[in-house]
Amino acid sequence: MQKQTFILEAQIPNLDDFKKRFPQYGPFAHNEGNFIFNTIMKPLSFFCAKVATEMNYPAVSGVAEICLKATNRQKVVPFNGFLKQYIGAIVCVLMEANGYSKTGKKKSIPHDKFTKGEFYTEKERNVDSIY
């Protein structure tokens, strides 16, 4: 058996990047919704969303449970439809920053607190370069 190291690099958008793409969520992201923004905007979240996408699930599937747990740890923001849309917008910015684009297709999210989410596809790249 051999131990190997895995390093993941990802483009992580900041609040300004997010507000440019989704200005309607800007005030919420800067204030009471900042906790979930900071929960999602990490390389590990991108990796989870990428894996969900490769498994033919909406990208949000990869972060659904961590978002629910983060929301349950605080008492200010309820887990509701608005928050789920906001989570989808954050995931959108994260996916687009890392070379994915929306397909316009919505698919079921395999999580009991979420319904449907956007499916993403990776923009063309040379796959041989990563293997």
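Trainee: What percentage of the 131 residues of the protein count as buried?

Mentor: In this predicted model, 40% of the 131 residues count as buried.

Trainee: Which secondary structure elements does the protein have, and in what order do they run from the N terminus?

Mentor: The protein has six helices and two strands. Starting at the N terminus, the order is α-α-α-α-α-α-β-β. The radius of gyration is 15 Å, close to the 14 Å that the globule rule gives for 131 residues, so the protein is as compact as a globular protein of that length.

Trainee: How is a pair of aromatic rings described?

Mentor: Two quantities serve: the distance of the centres and the angle of the planes. In this structure the count comes to eleven aromatic pairs. One of them joins F22 and Y25, whose centres lie 6.3 Å apart with 50° between the planes, a tilted arrangement. Both of these residues, F22 and Y25, are buried.

Trainee: Where in the chain do the partners Y25 and F82 lie?

Mentor: Y25 and F82 form a tilted pair, with 5.6 Å from centre to centre and 55° between the planes. This pair links distant parts of the chain: Y25 sits in the loop between α1 (15-21) and α2 (26-30), while F82 belongs to helix α6 (residues 81-97), 57 residues apart.

Trainee: Why does Y25 count as buried, and why is F82 partly exposed?

Mentor: The relative accessibility of Y25 is 9%, and buried means under 20%, so Y25 counts as buried. F82 has a relative accessible area of 38%, which lies between 20% and 50%, so F82 is partly exposed.

Trainee: Which residues form one aromatic cluster?

Mentor: The cluster consists of F18, F22, Y25, F28, F37, F82 and Y86.

Terms used. Residues numbered from 1 in each chain as written. Predicted model: local features only at pLDDT ≥ 70, side-chain atom pairs only at ≥ 80, totals over all residues. Heavy atoms only, no water. Helix = DSSP H or I, 4+ residues; strand = E, 2+ residues; numbered from the N terminus. Rg over C-alpha atoms; globule rule 2.2 N^0.38 Å. Buried < 20%, exposed > 50% of the residue type's maximum accessible area, 1.4 Å probe, protein only. Phe/Tyr/Trp six-rings, centres within 6.5 Å; stacked < 30°, edge-to-face > 60°.
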